[in-house]
Every structure is written in structure tokens, then in C-alpha cells.
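Let's take a walk through a protein structure together. Have the sequence and the 3D view ready, and follow along one place at a time.

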Amino acid sequence: MSQDTTIRRDDAGPASSPPSGRSGPGALLAGVWRASGNSTGVLAGLILLVIFLSISQPIFLTWGNITNIVASNSVVLVLAVGATFVIIAGGLDLSTASAAAVTGMTYGLLLQHGQGALVAVGGALLVGLLLGVINGVLISYVKISFLVVTLGTLSVFESAALVMSQGKTINVFAIENFKPIYNITNGEVAGIPYVLIFDIVLVVVAALVLRYTTFGRGVYALGSNREAARLNGINVDRTTLSVFVIAGLAAAVASLIQVGRLTGASPGIDSTLLLTVVAAVLIGGTAYTGGAGGVGGTVLGVLFLGVIQNGLTLSSVSSFWRGTVNGVVLIVAVALGVARDRGWLRLNRGKKA
Amino acid sequence: MSQDTTIRRDDAGPASSPPSGRSGPGALLAGVWRASGNSTGVLAGLILLVIFLSISQPIFLTWGNITNIVASNSVVLVLAVGATFVIIAGGLDLSTASAAAVTGMTYGLLLQHGQGALVAVGGALLVGLLLGVINGVLISYVKISFLVVTLGTLSVFESAALVMSQGKTINVFAIENFKPIYNITNGEVAGIPYVLIFDIVLVVVAALVLRYTTFGRGVYALGSNREAARLNGINVDRTTLSVFVIAGLAAAVASLIQVGRLTGASPGIDSTLLLTVVAAVLIGGTAYTGGAGGVGGTVLGVLFLGVIQNGLTLSSVSSFWRGTVNGVVLIVAVALGVARDRGWLRLNRGKKA
Amino acid sequence: MNANTAPLVEVRGVSKRYPGVLALDDASLSVRPGEVVALTGENGSGKSTLSKIIGGAEQPDGGVVLVDGAETVIANPATALKLGIVMISQELTLAPELTVAENVFLGRLPRRGRFIDWATMRTRAREELAALDVHVDVDAKVADLSVELQQEVEIARAVSSQARLLILDEATSSLSEHATERLLELVREQARRGVAVLMISHRMPELYSTAGSAVVLRDGRLVGTVPLPATPESQLVRMMVGRELNDYYGSRDCTPGEVVLQVRDLASADGALAPTSFEVRSGEIVGIAGLVGSGKAQLGMALGGAVAASGEVRVNGTPVALGDPRRALSAGIGLVPDDRKRAALLPTRSVAHNMTLTWLPKISRFGVVSRSENRRVREAIAEYGVKTSSPAKLITQLSGGNQQKAILGRIFALGCPVYVLSEPTRGVDVGSKSQIYALLQRLTENGAAVVIISSELPELIGLADRVLVCFQGAVHGECSGEQLTEVHLNAIAVSGRTHTEDFGEPS
Amino acid sequence: GGGDDASAAGGTSGLKVAYSSPVASQPGQQIVTNGLNAGAKELGWEVNVIDANLSPDQQVSNVQTMIQQQAAAIGLWALDSGAMEGTYAQAKSANIPVIGVNSEGANVSSTVWWGVNRCDDDQSPYRQAAKQIAETRPGGKVIVLGGPPVPSIQANVKCFSDAAKAAGLTILAQIDNTKDTSANAASLTADTFTKYPDVDAVWSYNDSSAIGASTSATQAGRKISDGTGEGIIIQGSNGDPDAIEAVKQGRLSGTWDPDSYATGMAVIKAMDDAKKGVTGKNYVVTAKYWSQANIAEYKDTATLGYTLATIPVTER
Ligand SMILES: Nc1ncnc2c1ncn2[C@@H]1O[C@H](COP(=O)(O)OP(=O)(O)OP(=O)(O)O)[C@@H](O)[C@H]1O
Ligand SMILES: Nc1ncnc2c1ncn2[C@@H]1O[C@H](COP(=O)(O)OP(=O)(O)OP(=O)(O)O)[C@@H](O)[C@H]1O
Ligand SMILES: [Mg+2]
Ligand SMILES: [Mg+2]
């Protein structure tokens, strides 16, 4: 099993390698299919799901419903983008949902204490950065395993969020300085929610950083072979620290969106959030042992999970059966990718000898 | 980070390798210390914790409290022993807590429908085996990544447990055929709880299987290098299937203990159970990438987490602060192991070079 | 010699396609009991693919495999093992977390009753290793051993498994001369006992001393089968690379210049390398020889900053901070480590990204990788002869020798003043070796100082101006000019000093 | 204030009692703890609260610890009342009275019930809730927001749904917020509002889900009704401080307050009765509905001025 780390086997494919130059008109779909690399199954599953839902639920393809999907999955998306960096680097940040609770509480408390909008946002980001630094330093300089560190900080951050307000939710709705964030998270321009624009910018920037910067290359190298990365001049400790800082900042940003949406900062943590975030990254084709994958796949993963949820709600599936549908759809979608690899679903792949 | 997979670095030590024959009088403590391999830090942490609690909480070292610790951690222990096999083989079974809910419901329903004690127990074990087979077949024969499969079945099993009784807890306390299991899980002989005896037998058997059977060594080989195992004629698919079946059976046994203790079968799943089980295995020194570790370390891990919980309850630490204590103690304990490795805590280790 | 016995294994018209390459195209071969067949060809010609098909690790797309004259589907390695086909593959197939003893008996652990008999396993593992003249703690974890010792463990496993057909895919490539000799003797002995052997190697002397015939592949196609040692080497090489190889080691037209690399009392923190001092001038190639465990690899690692070390290293007079590969690189020391898999390859990345890893600081501005990346990669692939269907191909899908060329290319392209190359031509075919030697000569002509650490003495003698010999963790002697012979080098490597009287020459 | 009763109880002063909290970090449970402490103080008792943190298994071992520490009485809000019989039996054989909170069992001495959990007559809170909605919006369309599959929540959902149908309301959908977070409630209701834009009211099993629904209603451009006027009616339950705020700000139409403070005190009262030999009783804590009409009268627990004699509890 140790090699069986990517979602599909064998062909780690060009998902994250530079486009290999072949082009030509037509066959666009086949191109996407081929290029989807490790996330083919999820892409195929997503397409089938969208087709099925558009037919069975007329409301599904309305703009209102689409913006709902975007709004309800932005928190997961932002956390998942942060987690993608950590997982590509060969780590895992179990503390991410707890860190978001702390940064959200920080933002809420600062607002409650009469701080300005910028100070509150800045404070939350700073605390997110700090939490990332704590994880990163313990891992890269004290040399404790990332699993132990983030398991420990998961618990510590959760506790810290509770201590901050004695377990109470901080209601920020009536606070004047909350308005800017409220307007941004809930507003739209020309019918397009600001959050959607933000998500797109975030994903594009993250993808560019991973692909076209020395830092991004270092992250892949670190996850692929730590020793080789070290010997080839990558600052392994600093890169490790950086990915955890990115995860901490992602937690802060996610918590701002969350508080903006819910108009209150709660110390409670959704116990399924961590698993959802990690699941999104992994089914998006990022290998859990690191070194392969990318944010493109993560977006697919988040969308896939989000569309299933939305579909389940729209189709009023009984809450007892939701889990079954959810799990089966996930397994089947990924099995599609496996099938593709084994040539069961040949699509314009060129003949074998 | 990809190499930084064991809890401590470098010296993965003899934790999983057979006793290497050297012996001699004296220096017993030093021997245990040396032999503790990957779980040194946790062992040291556990010893310090026990000393601290014995002094600060007079009730801590009473037999009643000790049996309480045993009783409340047996479910985690049994699941963790199953998880140890899977993790050594290089996998991870995220569905284990959900599987336990299904087997517990099976047992409860069979009792409720008037089946005999043996039929009910047998039925639960059979269902556990079946759930393990489902995971195992999807992973080893359909070739879907273990993370996706068990993430999917986590959700499906959870849902199945809810559907089985429409979300209701099945109270079995008054059912005559429940008595045997009740007496076993809560009874004792000569002051020693049956559960403790069962735990010891289970751990010893599991340790012997891992050390002294070809199956056990195949599990290590698989986790250490899947391709090497395959090329050397180890039946990789069957071994993979087997470890998931063991995890399924462990879930069934754990659920029997759970129902015996709670006198009711509940479809609800403790959301922290999965993380606790995995944490116990990992802090016990089993590498999450597989190939190294063992049940001895897992026992230490379970005890460590169990003693922290017990200590927190006895010392009436505010529930807000529990997480902080928990997390800090965990990180510090493992840091002790790291310190040992780097020679900061040299203890009769023999000189290098 | 056993031409009339029926073939044990015969391969007829086998082909195998990987995405983008036809690795095998209608290839055929047969091996008889007691016969040693050499399988040769350039890097990427399909040798490993063919041996994997016989070993059950891969399935052919076309063609048939006959075992004992009957058409057989070797569905998996377990089937192959049952048929008595044992393979040592090019990539080590050890379980690194397990002990040496277990790895020797992986898949067939000795049992007493239902349980594994650890005592017997240890004793027998010790015996099997002793037969190869290897003395290593059988309870040691394989991950803690050097590549050479790991290779020995793998060989011990194969040799002890009573094979009918033994496949050695570059089994000697990471062995020292002494260990190689020992293995080849063992192979000849097995053949005398009726075992069929298929050996793959890029070292001509080995083939000539051991094999009875050679099968040559080029681009996946069979070029021909010739008897050995009757066929002259030049003809065999021509069959392999399609041209004559003149001036194998090449030559350089320059005299050593200024001292570029100054090493004073360099010692590794773990004690594997005792304080060592030497200098290398620009335009000079200095070789480092030594037996297994002599510390020669450790010397390279210490120079490249890969391990903690003490002492002083200067490049062009500027001191280099030790124990930090980044500092070493930016000071101009380019290191190629000997353990490709552990310390050089990024297995989940493309050929392109593997190559540019080291170039990143040079080809990026403000942390952003320049657009010229793709062009540079394509140029380097052409220049260093890396055979790949696309730069975007995963590096692990390249043949072993081509992986090595990609790694060399990424360091050579840096234009460093100092190169430290540990086993640079491991697994590289004769034609490409010659190209690499020519490249090295060019690098030195351009003023670089080169340190080559190698266990192939002919290579050192052919290339180096002088050779330092390591013995028990320290440099114990230097040979140059007249004295640069295998006999001299071996003498120092084995005992730590020259026995001048034995040769009757003044030193 | 109410020290008279305590001095009358005389001999029981100085007792150490214990309470097993299902999840001590939730705001409502904290208020229960405050009530427990206030009641204990009045009697000169000491109360040790142990947190099961949502794990039934942990709760069993917590109660076993209490039995070992020989608590004088044990209060227990069972996470899963179907799964505690063995534990109750162990307490009974140790002669320790067990007071259940919203949970009963053969070996439970007495139980303190939340009025909101009753559904036996017209005055039952959720039947009133249905009636109120039907009065404001005759024949209105309602969304029922349920929670995790826990029997007590399911019973409440059924109580409201049945009453709603009886009152002529149409239930468009029942959606379950199984993750029990505002964020999840917000996503679920956002999807549902898109599907049913003409919804009149949302009834939610708890406050944090109601706040989630309020968020998505606002985002969908809907006004929240004050309970009588136009807009969407959103009723929560629990009387969380956060929900009280929301009612004040017009983001919730109202919340059903079970009075957690009185609940805590009632547990002490039941323990005191049990110590005096009075067992087998049901104490029902009266629920209050806070809406925009009466929210101005809301008082913080600290200023309520309850004593054990004056808490709004009826005994049955
Ligand atoms: N898994 C794979 N996926 C794609 N291509 C592959 C794979 N394995 C091998 N190849 C390609 O097949 C061809 C033959 O490779 P093979 O490993 O058989 O060469 P070889 O003769 O053993 O070379 P060397 O001497 O370098 O070991 C090469 O072009 C290689 O890139
Ligand atoms: N006989 C041995 N037993 C155990 N370990 C050994 C032995 N020889 C070498 N090693 C290990 O291998 C490591 C690398 O060996 P070293 O660099 O000293 O030798 P080398 O001459 O470079 O070997 P090679 O020819 O394999 O490259 C050493 O640090 C040591 O841990
Ligand atoms: Mg090869
Ligand atoms: Mg070497």
C-alpha cells in the first residue's frame, strides 16, 4: 500500500508538469480528459453529477443555486488551498479547522473591543500567521513529526478558542466595523459574488505560485524526496515552515469568510470540517505522501463534494441516507478514474501495440 | 517532510524487529529505555505523568481507578490494535469507528429480535468481517486508493448504522441474552476485570502474529516497500485484504465491549474516536507510511492518552483548558523522544563511531 | 556449451508499449540450463523491460514466453518464483524498514511449525552473506546500509533461493571490484551446477569473463545474438551503439592551473571520514578510490555539504561553510551523490522538474521561474543524451541509465568551478559513458576542478590525473603517472600502504 | 435571599455532589453549571462537574469515577439515555441517587425535564409554536430544521411537525443539520430557500441552526419577520445568549428558552429531595418564548434572583 498513495495508480501524469506543447483544434474534451491526470475520475464524476442534477432538479443550474454552492464552499476551498501546499510538501495540518476557530475569535474579539475593521482583519491574519509559525517551528526546527505537532495543536487551538470568550459565540452583526467584511462576503458586483471573484483569484495565484516560483518547486521537491531537495539547495526547514504559515494564513482568511457569512464568531468547531478539507485535497488528486498534485485538482475536489451536498439537499434525501449516497458517489467517481487508467473507458487514447 | 514520517527521526530502532538476543543482568531500565525505540518519548511522558498524578491525586493509583482506566480505554485499544495492522501495512482505515457503529447495531438488533447471545455475537463478528472485506476488496482488487475507499465507507457505514434503527438507540439492558456480554465486560475474577485479561491476551496474540508469522512479516514488508513485497512473491492483494478484515473484526469486537459497557447500541459515532485511535497508533511509534512499529507501542499510546484523560477528570481541569493540557502534554512527551535521539538525554547508549 | 539441451526459458517476438515509447519490439531470446547469456544494449534499449517480462513483473503486449518448452503466462512475480525464475532488478527491491536477515529471506521466511524461526533465519542469513564475503549485522535495518551493502543483501537473497533461472539486472553496478569478482565467481559456479543465468551489465570485462553468448538490443529490437568471448569487443560495441567507439576516455588539452579546491582536515561528524587534506587545481581531475566502507562516499558527501563535517574547505580561496548543501552549491561545489534513489531523484516529478531543481536560483528572477526553462531543459536533454519521449515524462519511467544522465545533466549545466561526482557512470551504457567522459574533459578544459569517486578503477585510471586512495576512513595514499595502475591502487585500498618491494619499483 | 430552606434541611450541608455534563463547553450547558453552583451554594454543598465532551463512553467512565469518589448524588444529562442503564444500576447498587436531566431510566431516582421537550397538551411549547405560526400565516409554508439523529431532537421535530399539519400549515421540507453548526445550517437552508422561494416560516430545533437559517434568508434578500409582520418567521430554541442578541437585533423572530439556569437549580433541588428520601419524581422546568415583543424583559441569569424555592419548576 505504501506506493498506492495517489488516488489512481501508475500514471501520475502531467497534471502538474508543464503543458507538453501538443495542441490542435477539436478534441478539446479529450484533451481535458487526458490532462486531468489524477483527478480524471472526480472530473468525470462531477460532470455526470451535474448532468444528472440539471435534469432531475430544474433549480440546480440556476444562477442563485450556483452562487449558493460557491458561498457555502468558500471556507472549505480556502482551507483546502492551504492544505494543498502542506500535503504537496509531504505533510498534513490536522489543526487547520481549530486554527480557523482561533482566528475567527480573534477577529470577533477585536471588533467587540471597538477596533477598526482593518485592525481586526489584520489581527486575525497575524494570529493565523503566528499559529502557522508555531506548527512550522515545532516541525522544522524542533523536529517533531508533523502528525504529532498538529494533533497537539489541534487540541490546543480548540481549547484556546473556547478560553477566548468562555465558550460564547461573539455576535458581531450590530458592530459598525463589521460592515466592510459583511459587505464583501455577502455582496456582489454585476451579479457575481465578490467571494467567487476572491476564490478565483486565490486559486489562480496559488496555482501560479506552485508552478512558476522557486518556492513552489521547492514545495514539490520537498514532498517528493526530502533528501534530494536538501542536497539540491532547497532550504528544507524554511520551506516546511512556509507551508505551515500558508496553512495558518488560509485558516485566518477562511475564518473571516465564515464570520462574515454567519455574522458571529463561534469557538465551536465543525467536527467534519477537517475531514472534508483533507478529502477535497486528496480526491482532487494530490498524493498524500506528497510531491504531486495541485490546486486545480483541489478545486475539483471541493466542487465535487459541494455539488453532492447541494444535490442531496435539493433532492430532499433523508438524512439517514445522505451518508450512503455521499460515500457511494465518491467511491464510484474515483473508480471511474481507475477504470480510465486500465483502459476500460478508452477515449481517443491511441491504440496499443 | 516525506521522510519525516516516524514520530522520531533517524533511529527507527528495534521496535519492530525481533529481540536480538543480547541480555545481561542489571541496567533493566536502561534496557527498556533503549528498547522502547520509537515510543521512548511517550514512555517517558507516561512515567512522568503517572508519577505526577500519583502525588497530586491520591485516588489515581487505587485499583478502582486503574480498572476504570482499563475499562474506558478498551474500545480504543481494540480498534487501535486493528488499526496498527493496517497502518504497518502502509494503509489507513478511516471507517473504523463507523464500522463499529454498524456492528454494534447488528448485535443490538439481533438481541432485540430475540436471538441468542452466541448468534448475536457471531452476527456482529460476521458483519465486521464483511465490512472489512468490502474495504479490502475495493482497495486491493478494484485498486482504489485506501483513503478514498475508507473515506467513502466511513460515510456509508455511518449512514447504514442510522438506517438500521432509524437513528434510535437500542437499549439492551433488560434483554436476557445480553447478560453474558454484560457480565464479561463488567465482571472480574479475583479482582481483575475480564476486560483487562482480554486486552492482554489480544495484545500478546497480535504481537506474536506480527512477529512470528509469515503473514505478520508480510504486513511489514508490504508497508515497507510494496513493490519489493510483490516481486518477492508475497501475495500483496491478499495481505492488504487481510489487514482490512482484521480492522473490521476489531471494530466488531470493540463494539461488543462498547455495547456491553453502555448497555445500549447506539448508531451515533463519537466524532473524536477515529482521531484518538489513529493518534494512539502513531504516538506509539508506528510510522504512518508503514513498515515499522508494533502493538507494544500502540498499547503505550492508548495508555498515554487514557491516563491524560483520567488525570484531567480527576484534577477537575476546566473543560475549556483540557484541550490545552492535552495537546501540550502530547507534544512535550514526543519532544522528549526527539531529545533522546539527539543525545540531549544520553542514558547509557554506548558511544558512536 | 549446452547447445543441445532444450531452452529453460524462451521469449518469442515479445513487444511492450509504454505511453509514448515502444520499449520492446518483436524481441526474442532463449536461455538454456547451465548457460550464461548476456543481455546488452544502450540505455533505454529495453533490457530491463524484457527481464521484467520474464520475471512476471510486467506483461507483454504481444509475443509469447515459453518455459520448459511450454507456452506460459507468467502472470506475476509469485508465479515466476514458483517456476524457479529469480530476478535481481535494477532498482533495489528491499524492504528498508526490515532487517537484513528478513530481507534475505523475504517471501520465504524459514519456519518451525507455524511460526517463523528467527534463530535459523539469522544463522542462515549470516551464512549466505558470508558466501559473498559480506559481514554485516543481520539484525541491522536495511535502510541504514550503504547502497553497496543493500545490493549484496539483494544478491544473497537471489543466490540463496535455488533458482533455475537467475536474472541479474545490473547487479554489479553498485558493487566494488572485489565484490563484483566474488559475485561473478558465484554466477559461474551456479552455471556449472546447471542454473541458467541472464545477466545485464554495461561492463564489458564482466560479460567477457562470464557469459557464453550476448543478446544485443537496440531501441527495443533484437540486433543479434553473438557467442562470447569469441566476438571481439569492438564488434559488440558497434552492435550496441551503432558506431565505433574511439578514444573512449577522451583527452584534454590543458595543463592544471590555479588551485581551485583546497581541503584541509576535512572530517565527517559521524567519524566515517577521518581528517583528510588535499588540493585540486583547475583543469585537473582527481579520482578517489577505496573499498566499501573506506569512507570515499562520505568524503564526497562532506565536500558537498550533505553531512555534518569539520575542517576547512575553500573554493578559489573563499572558505565554504560545511554541512550545508545550499552553501556548498552557491560556493560552486556541484555534487552528484552515489545513491540516486535516496539522494538525487524526485520520483513524483517530471524529467524537466528534476533537472531544473538545481538551476532554480539561476533561472529565476524575484523567485519566479523564467520562461526560458523549457528551452533549457530541451537543450540539456539533447546535450546530455537523456532518452525520453517527453520532458514532462515522470523521471521514474526513464530507464536507469537515462535517470543517471538526467541527474548528471542537471549538475553539469550549472557551470560550477568544482564538481564532486560519486559513481557518475553507474548504470550508464558504454556509448553514453564515453560521451560523459568527453563532457568531463570539456568541463576541465573550461577550468573546472573535478573530483571523481568511483569503484571502477579503469575509469579512474583512464580519466584522472591522480588518484587518492581511502582506507579505513582516511586518505592513505596518492597515485599518479607511472604508478596509476590497478595493482598500486588495490594495494593501498586493501592495506593502507604501498608495498614498494613487491613491485620492485622506486616510489 | 432564600437561605431559610437550606437551614431547614439542616444535616445535608457540606455534601459533595457530582454532575456529568454532556458537553460543558456549550453556552447552554455552562448556564446549567451556573445554576448547579447557585443551588449548591444555597445548601452549602459542593458540586463537581465532569465533562463527557460528547462521548457516551467517556460519560460512563466519568460516572464510574464519581461512584469511586463516593459522590453524595449524581446528576447526569445522558448523551444517550438508551445507553446508560448499566451505569445507573451501578450507581444504585452503590446507594447513590441519580438525577437525570432530560433522560430517564429504570434506576434513575428522579428526572428534571425541560418544558420544551413536552408534547402532551396544547400548552406544550412546540405545539404553541405551530399555532402561533398558523395564526400569523394561515396555511403558511414551513421548513422544519432538524438536527443530529438523536431521539430527543427527533421527538421535538415530530411534535412540531404534527402540530403544524394539524394547524393547517404546509411543511415544504424537513432538513436535518446533522453537523450541528451554524455554517452547515446556512448552506442547507440557502439551498432550500432557492428551491422554495415562497417559504413563510422556519422552525429550528436549536438556536445556532436558526441563526444559520437567518443568515441565508438575509443573503437571499429576505426580511426576518418580527413574528407578526411581514417577512420570514424564524424560530429557534435554547435561549442561547447569542440568540437573545439576535432577537434583539431583529435577526430571529424568537427563541424558545428552556431556562437552563433553573434546570441546574432544579437538579440540586431533586438531589436534596432524593437525599430526604423523596424519589420517583418528575420536575418540569417551565419554558419561555422570547420574541421581539417581550425581549425587553429578558434578564441575565445573574439578576434573575431565583432560589430553590422560587424556580419556575412544576413537579409531577
Ligand atoms: N513504467 C514506464 N512507463 C513509461 N515508459 C517506461 C516505463 N518503464 C520503462 N519505460 C521506457 O521503456 C524504455 C526501455 O526501458 P528499460 O528500462 O527497459 O531500458 P534498459 O535497457 O533497461 O536501460 P538501462 O540500461 O538504462 O537500464 C525506455 O525508453 C523507458 O523510458
Ligand atoms: N561493513 C559495514 N557494515 C555496516 N555498515 C557499513 C559497512 N560499510 C559501510 N557501512 C555504512 O555505509 C555508509 C557509507 O559507507 P562509506 O561512505 O563509508 O563507504 P564507501 O567506500 O563510500 O562505500 P561504497 O563503495 O558503498 O560507496 C557508512 O557510513 C556506513 O554506515
Ligand atoms: Mg535497465
Ligand atoms: Mg560509495
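Our walk begins at ligand 2, whose surroundings are made by Ser146(C), Glu148(C), Leu149(C), Leu291(C), Val292(C), Gly293(C), Ser294(C), Gly295(C), Lys296(C), Ala297(C), Gln298(C) and Asp338(C); a residue is near a molecule if one of its heavy atoms lies within 4 Å of it. Before going on, please note that this is a predicted model, in which local features need pLDDT of at least 70 and side-chain atom pairs count only at pLDDT 80 or more, while totals for chains, interfaces and linings use all residues. Residues are numbered from 1 along each chain as its sequence is written, chains are lettered from A and ligands numbered from 1 in the order in which they are written, and side-chain values use heavy atoms, leaving out hydrogens and water.

Which elements of chain C supply at least two residues each to the shell around ligand 2? They are helix H5 (147-159) and helix H9 (296-303), where helices are DSSP runs of H or I with at least four residues, strands are runs of E with at least two, and numbering starts at the N terminus. H9(C) gives the most, three residues. Now look for polar contacts, pairs of N or O atoms within 3.5 Å. A polar side-chain atom of Glu148(C) sits 3.3 Å from an oxygen atom of ligand 2, and one of Asp338(C) sits 3.4 Å from an oxygen atom of ligand 2. The protein buries 72% of the 630 Å² that ligand 2 exposes when taken alone; such areas come from the Shrake-Rupley method with a 1.4 Å probe.

Next, turn to ligand 1. Of the 20 residues around ligand 1, those that come nearest are Gly44(C), Ser48(C), Thr49(C), Ser399(C) and Gly401(C). Side-chain N or O atoms take part here too: Gln90(C) has one 2.9 Å from an oxygen atom of ligand 1, and Lys393(C) has one 3.1 Å from a nitrogen atom of ligand 1. The protein covers 91% of the 640 Å² of accessible area that ligand 1 has on its own. H1(C) provides the largest share of this shell, three residues.

Finally, visit chain B, where the axes of helix H5 (residues 117-140) and helix H11 (residues 236-262) come within 7 Å and cross at roughly 150°. Axes are lines fitted to C-alpha atoms over the stretch in contact, with angles running from 0 to 180 degrees between N-to-C directions. Among the residues that meet, heavy atoms within 4.5 Å, are Leu125(B) of H5(B) and Phe244(B) of H11(B).

Notes: Polar contact = N/O pair within 3.5 Å; in protein donor to acceptor, adjacent residues only side chain to side chain.
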